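Good morning, everyone, and thank you for making time for this. Please have the sequence and the model open in front of you, and I will walk through a few places where helices meet.

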Amino acid sequence: GFDHLCFLLALLLVAANLPSVIKIVTSFTIAHSITLALAAFDKVTLSPSIVEPMIAVSIVYVGLENIWRHGKDIEGRWLLTFAFGLIHGFGFASVLKELNIGAGGSGIAVPLVSFNVGVELGQLAIALLIWPMLLKLKQKPLFASRLVPVCSLLVAIAGGYWLIQRTIFT
């Protein structure tokens with residue numbers, strides 16, 4: 001959904017180089033794959049009333065952290081991304097449940113892997129589209145001082161909107 005893409009954009013905004021992008025995207029992928037599988041196999045469940053607001057909080061946090069850190073690459077951000085990826089995985093799991101995948105005793109492994117690969121390909125496609133544009137923009141002196149804070153604030157506002165929507169209006 002748009003919330004996950006917004007989260008990804010905020011992460012990519014301050015990534016300094018390709019290895020940093022790879023660490024961030026990979027840690028997010030591994031983390032949400034873990035919780036997606038645990039939830040799909042009913043090993044761990046969390047209520048969407050907890051998960052969905054926490055996803056919004058993760059978006060607000062990453063947007064604000066970009067501003068606090070003045071648009072600089074954040075050392076070890078992949079660890080934070082991993083932690084938030086665990087939460088996002090539960091969000092993906094609720095989508096699987098809404099689609100009734102694995103319901104009635106039918107196999108879940110193939111649909112789970114297919115769904116996860118689809119999510120990853122989508123994220124990778126977005127990252128491959130956005131990263132070259134961000135690299136070009138990073139050459140401009142005003143990128144870190146103006147564009148990163150503005151985009152990060154918009155991300156935080158979107159996350160705040162989703163947080164209110166998911167807590168007050170549910």
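**How the helices pack**

Let me begin with H4 and H5, whose axes come within 11 Å and cross at roughly 125°. Before going further, I should say that what we are looking at is a predicted model, so please keep that in mind throughout. Now, how should we describe the way H4 and H5 lie, given that angle? Angles over 145 degrees would count as roughly antiparallel, and those from 65 to 115 as roughly perpendicular, and H4 and H5 are therefore oblique to each other. The crossing that H4 makes as it passes H5 is right-handed. Looking at the side chains, you will find Phe92, Val95 and Leu96 of H4 meeting Leu112, Phe115, Val119 and Gln123 of H5. Sorted by class, this contact of H4 with H5 has six nonpolar residues, one polar residue and no charged ones.

Let me stay for a moment with one of those residues, Val95, which lies in helix H4. Is Val95 buried, partly exposed or exposed? Its relative accessibility is 32%, and because partly exposed covers the range between 20% and 50%, Val95 counts as partly exposed. If you also find Gly122, which is 27 residues from Val95 along the chain, you can see that the C-alpha atoms of these two are separated by 15 Å.

H5 has another partner to look at, namely H2, and the axes of H2 and H5 are 11 Å apart, with a packing angle of about 160°. That angle makes H2 roughly antiparallel to H5, and the crossing of H2 and H5 is right-handed. On the H2 side the residues are Leu18, Val21, Phe28, Thr29, His32, Ser33, Leu36, Ala37 and Ala40, and they meet Leu112, Phe115, Asn116, Val119, Glu120, Gln123 and Trp131 in H5. By class, the contact of H2 with H5 has ten nonpolar, five polar and one charged residues.

The next pair is H3 and H4, whose axes come within 9 Å and cross at roughly 150°. Because anything over 145 degrees counts as roughly antiparallel, that is the description we give to H3 and H4. H3 passes H4 in a left-handed crossing. Many residues take part in this contact, among them Met54, Ile55 and Tyr61 of H3, together with Phe84, Ile87 and Phe90 of H4. Which classes make up the contact of H3 with H4? There are nine nonpolar, five polar and three charged residues in it.

Having gone through the pairs, let us turn to the core, where the largest nonpolar core has 41 residues, and Phe7, Leu12, Leu36, Ile59 and Leu134 are those with the most contacts inside it. Helices H1, H2, H3, H4, H5 and H6 each supply at least two residues of this core. Leu134, if we leave aside residues up to four places away in sequence, touches Leu12, Leu13 and Phe143.

Finally, I would like you to find Asp42, in the loop between H2 and H3. Most residues other than glycine have a negative phi. Phi of Asp42, however, is near 55°, which is a positive value in a residue other than glycine. Asp42 has a relative accessible area of 52%, and because the cut-off for exposed is over 50%, Asp42 is exposed.

Notes. Residues numbered from 1 in each chain as written. Predicted model: local features only at pLDDT ≥ 70, side-chain atom pairs only at ≥ 80, totals over all residues. Heavy atoms only, no water. Core = buried A, V, L, I, M, F, W, Y, C linked by side-chain atoms within 4.5 Å. Buried < 20%, exposed > 50% of the residue type's maximum accessible area, 1.4 Å probe, protein only. Helix = DSSP H or I, 4+ residues; strand = E, 2+ residues; numbered from the N terminus. Contact = heavy atoms within 4.5 Å. Axes fitted to C-alpha atoms, helices over the stretch in contact; angles between N-to-C directions. Parallel < 35°, antiparallel > 145°, perpendicular 65-115°, else oblique. Left-handed = near helix turned anticlockwise from the far one by under 90°. Nonpolar A, V, L, I, M, F, W, Y, C, P; charged D, E, K, R; others polar.
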